[in-house]
Amino acid sequence: KCLFGWSYFEKLTFVTLAPFGVVSLGIGLSWRMRPARRFVSRLTYAILLFVYVVLPSVSTSVITYFSCLRFDRGGDRSDLRVVATELAIKCTSTRYRRWRAYVALQIFVWPVGAIATIAALLFKHRGKLNPRVPKREVAGSGGFEREQ
């Protein structure tokens with residue numbers, strides 16, 4: 001039992017869904033407060049910062065689910081395979097196999113989806129984040145200087 005006496009699977013569900021709930025709440029607030037442009041801008045920043053902070057731990061939680069350790073039980077018995085982060089869970093158990101689809105979905109939501117969303121937002125607003133500065137040639141020197 002882990003945090004608050006929760007099982008590994010309950011903790012995994014919380015770790016993947018709680019940040020999604022916080023982000024959804026933030027998006028809902030930003031749509032509701034659309035006329036308050038400055039508030040929406042700050043809220044968007046807070047959401048991106050939150051995702052940036054929780055992304056490594058959520059990603060680690062879902063990716064390490066597929067990391068199984070193999071123990072040799074000796075003799076003719078087959079090897080024991082367990083989840084590396086929770087040695088009480090066998091990688092060959094029915095419960096483990098049932099959760100694979102959920103964890104695979106969360107890999108597309110967090111490590112893949114969150115990074116792709118952040119990249120798309122940065123790309124969309126690249127002009128505001130790094131505006132082009134017009135340059136003009138300096139007479140006779142062949143160099144460039146920035147316009148004032």
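Which residues does F9 touch, not counting residues up to four places away in sequence? Select F9 together with Y65, I89, R95, Y96 and W99, which are the residues that F9 touches once those up to four places away are left out, a contact being a pair of heavy atoms within 4.5 Å.

Before going further, a word on what is on the screen. This is a predicted model, in which local features need pLDDT of at least 70 and side-chain atom pairs count only at pLDDT 80 or more, while totals for chains, interfaces and linings use all residues. Residues are numbered from 1 along each chain as its sequence is written, and side-chain values use heavy atoms, with hydrogens and water left out.

**The whole chain**

Colour the chain by secondary structure, and four helices and five strands should appear, arranged along the sequence in the pattern α-α-β-β-β-α-α-β-β. Helices (H or I, at least four residues) and strands (E, at least two) are DSSP runs, numbered from the N terminus. With the surface switched on, the accessible area of the chain comes to about 11100 Å², of which 62% belongs to carbon and sulfur atoms; such areas come from the Shrake-Rupley method with a 1.4 Å probe, and for residues only the protein chains shown count as cover. Of the 148 residues in the chain, 22% are buried, where buried means under 20% relative accessible area, exposed means over 50%, and partly exposed lies in between (1.4 Å probe, protein chains only). Among contacts between residues at least 6 apart in sequence, 51% join residues at least 24 apart.

**Helix α1: F9 and V15**

Return to F9, which is found in helix α1 and has a relative accessible area of 3%, so F9 is buried. A distance drawn from its C-alpha atom to that of R95 should read 9.3 Å, although F9 and R95 are 86 residues apart along the chain.

Stay in helix α1 and select V15, which is in contact with V58 and S61 when its neighbours within four places in sequence are set aside. The C-alpha atoms of V15 and S57 are 8.5 Å apart in space, and the two residues are 42 apart in sequence.

**The disulfide**

Next, show the side chains of C68 and C91, which form a disulfide with their sulfur atoms 1.9 Å apart; a disulfide is a pair of cysteine sulfur atoms within 2.5 Å, and the structure holds one. This pair links distant parts of the chain, with C68 in strand β1 (residues 68-71) and C91, 23 residues away, in the loop between β3 (86-90) and α3 (94-124). The torsion about the S-S bond of C68 and C91 is about -105°, and the disulfide is therefore left-handed. Its two ends can be compared on the surface: C68 counts as partly exposed because its relative accessibility is 23%, whereas C91, at 6%, is buried.

**V51 and F108**

Move to V51 in helix α2, which is buried with a relative accessible area of 10%. Show V23, W110, A114 and I118 around V51, since V51 touches these four when residues up to four places away in sequence are not counted. Between V51 and A114 the C-alpha distance is 7.6 Å, across 63 residues of sequence.

For a contrasting site, select F108 in helix α3, which is exposed with a relative accessible area of 57%. The C-alpha atoms of F108 and S59 are separated by 9.9 Å, and the residues are 49 apart along the chain.

**The largest pocket**

Finally, centre the view on T44, Y45, L48, L121 and H125, which, of the 27 residues lining the largest pocket, are the closest to its centre. About 1200 Å³ of space lies in this pocket. On a 1 Å grid over the protein atoms alone, a pocket is an open set of points where a 1.4 Å probe fits, with protein on both sides within 12 Å along at least five of seven lines, and lining residues have an atom within 4 Å of a point. Grid points are joined across faces, edges and corners, and the volume is the space filled by probe spheres set on the points. The elements that give two or more residues to the lining are α1 (8-32), α2 (37-63), α3 and α4 (126-129), and the largest share, nine residues, comes from α3.
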